[in-house]
There are 2 protein chains.
Amino acid sequence: MRNYSKQREVIVEVLRSTDTHPTVQWVYEKCREKLPKISLGTVYRNLTELKKDGDVLELSVGDGFQHYDGDVKEHMHFYCHNCGTILDCEMPKNNLKDFLQNKLNCEVNLSGYVFSGLCSSCINLNG
Amino acid sequence: MRNYSKQREVIVEVLRSTDTHPTVQWVYEKCREKLPKISLGTVYRNLTELKKDGDVLELSVGDGFQHYDGDVKEHMHFYCHNCGTILDCEMPKNNLKDFLQNKLNCEVNLSGYVFSGLCSSCINLNG
DNA sequence: GTAAAAAGTAGTAACGATTACTATTTTGAG
DNA sequence: CTCAAAATAGTAATCGTTACTACTTTTTAC
């Protein structure tokens, strides 16, 4: 990975250090704890470069924000449309809906593009 | 379906008459062919209402636009990140990746949220 | 080492899809 | 018909993202 600027290093570090699939704004704020003068544009530009190079993954869940994932091995995500949590999910090998239902303990709604529904804690809150 | 305004009727008609998963702008322009004075805000508001009522589906593919689908039976979509085409796809019953590969004749990339990759015509163009 | 070229950055302005707002029109119950 | 509630057209505002500019850092060539 070509990584010669301190800013890019920090951005990658921040992404690698979480499994929360953060927004650009969150990454920016975390970076500023280490580099108080880093600019938002730099975060955007580097994330775009890193995505292009295959070093990070960009996720669109439909909440109006792009999300980023420092884990680039092939896997899926589940988005809870109630609390906004994004969960990692291994590739299913068999019936997808049953798989997700058992694996994540979620009410999966496969309509549309995105795996989304209610995560287990939101089910408990609403039930 | 509660549908008493002419505008909402036309919006639904437009969505039902295509399988292209259009953007709001496209719906707006189609509606203006029938109702030249319809406003963009009306299209947005009605699409939001229709979505809330379960009469249309909203799709986020990550291209910066919301897309809408008048077909609300449970099904999936495949998004070609080269040409932007959105294809319908029945619920797979078995191994998902193999299924999509065979069914759509696409190079599927399941990383991230969205089924996306190259559609068959884009594979031919690039190969 | 040094100088010029190339790439990256901070800060700010601009963009554009979406949402909010307002005055006006349409709808529907009594 | 009448009047309140709901919808609309048109426009302004919002805000995540992108573009731009002057400046700094890194790389390359000598």
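A polar contact here is a pair of N or O atoms within 3.5 Å, and within protein one of the two must be able to donate a hydrogen and the other to accept it. Keep that cut-off in mind for the tour, since the model is a predicted one and the stops below lean on such pairs.

**Stop 1: A:Asp63**

Start by selecting A:Asp63, in the loop between β1 (57-60) and β2 (66-69) of chain A. Show its side chain together with the backbone of A:Phe65: the side chain of A:Asp63 reaches the backbone nitrogen of A:Phe65 at 3.0 Å. Now add A:His67, whose side chain makes a polar contact of 2.8 Å with the side chain of A:Asp63.

Is A:Asp63 buried, partly exposed or exposed? It counts as partly exposed, because its relative accessibility is 28%, and the buried class ends at 20%. For a sense of distance, draw a line from the C-alpha of A:Asp63 to that of A:Glu49: the two residues are 14 apart in sequence and 23 Å apart in space.

**Stop 2: A:His21**

Next, select A:His21, which sits in the loop between α1 (6-16) and α2 of chain A. With a relative accessibility of 3%, A:His21 counts as buried. Which side chain shares a polar contact with that of A:His21? Pick A:Asp69: the contact between the two side chains is 3.4 Å.

Now expand the selection around A:His21. Beyond its neighbours within four places in sequence, A:His21 is in contact with A:Leu59, A:His67, A:Tyr68, A:Asp69, A:His77, A:Ile86, A:Leu87 and A:Asp88. You have already met one of these, A:His67, as the partner of A:Asp63.

**Stop 3: chain A as a whole**

Zoom out and color chain A by secondary structure. Chain A has five helices and six strands, and along the sequence they follow the pattern α-α-α-β-β-β-β-α-β-β-α. Of the 127 residues in chain A, 45% are buried. Among contacts in chain A between residues at least 6 apart in sequence, 39% join residues at least 24 apart.

Switch the coloring to pLDDT. Chain A averages 80, and 68% of the residues score at least 70. Which elements of chain A have the highest and the lowest mean pLDDT? Helix α2 (residues 24-34) has the highest, at 97, and strand β5 (residues 107-109) the lowest, at 54. Then select residues 110-114 of chain A: pLDDT stays under 50 there, although the model has 31 contacts for this stretch beyond four places in sequence.

**Stop 4: DNA strand C**

Show DNA strand C and the protein residues around it. There are 14 of them, and the nearest are A:Tyr4, A:Ser5, A:Thr42, A:Arg45 and B:Tyr44. Sugar and phosphate account for 82% of the strand C atoms that come within 4 Å of the protein. Helix α3 (residues 40-52) of chain A gives the largest share of the surface near strand C, with three residues. By class, that surface has five nonpolar, seven polar and two charged residues.

Three pairs are good to label:

- The side chain of B:Tyr44 has an N or O atom 2.6 Å from a phosphate oxygen of DNA strand C.
- The side chain of A:Gln7 has an N or O atom 2.9 Å from a sugar or linking oxygen of DNA strand C.
- A polar backbone atom of A:Lys37 is 3.2 Å from a phosphate oxygen of DNA strand C.

**Stop 5: DNA strand D**

Move on to DNA strand D. Here 14 residues surround the strand, the closest being A:Tyr44, B:Ser5, B:Gln7, B:Thr42 and B:Arg45. Of the strand D atoms that come within 4 Å of the protein, 83% belong to sugar and phosphate. Where does the largest share of the surface near DNA strand D come from? Select helix α3 (residues 40-52) of chain B, which supplies three residues. The surface near strand D divides into five nonpolar, seven polar and two charged residues.

Again, three pairs to label:

- From the side chain of A:Tyr44, an N or O atom is 2.6 Å from a phosphate oxygen of DNA strand D.
- From the side chain of B:Gln7, an N or O atom is 2.9 Å from a sugar or linking oxygen of DNA strand D.
- A polar backbone atom of B:Ser39 is 3.0 Å from a phosphate oxygen of DNA strand D.

**Last stop: the cysteines at position 83**

Finally, select A:Cys83 and B:Cys83. A:Cys83 counts as partly exposed, at 39% relative accessibility, and B:Cys83 is partly exposed too, at 41%. A search of the whole structure finds zero disulfides over all chains.

Definitions and conventions
Residues are numbered from 1 along each chain as its sequence is written. Chains are lettered from A and ligands numbered from 1 in the order in which they are written. Side-chain values use heavy atoms; hydrogens and water are left out. A residue is near a molecule or strand if one of its heavy atoms lies within 4 Å of it. Helices (H or I, at least four residues) and strands (E, at least two) are DSSP runs, numbered from the N terminus. Ala, Val, Leu, Ile, Met, Phe, Trp, Tyr, Cys and Pro count as nonpolar, Asp, Glu, Lys and Arg as charged, and the others, Gly among them, as polar. A disulfide is a pair of cysteine sulfur atoms within 2.5 Å. Buried means under 20% relative accessible area, exposed over 50%, partly exposed in between (1.4 Å probe, protein chains only). pLDDT is the predictor's confidence in each residue, from 0 to 100. Contact means heavy atoms within 4.5 Å.
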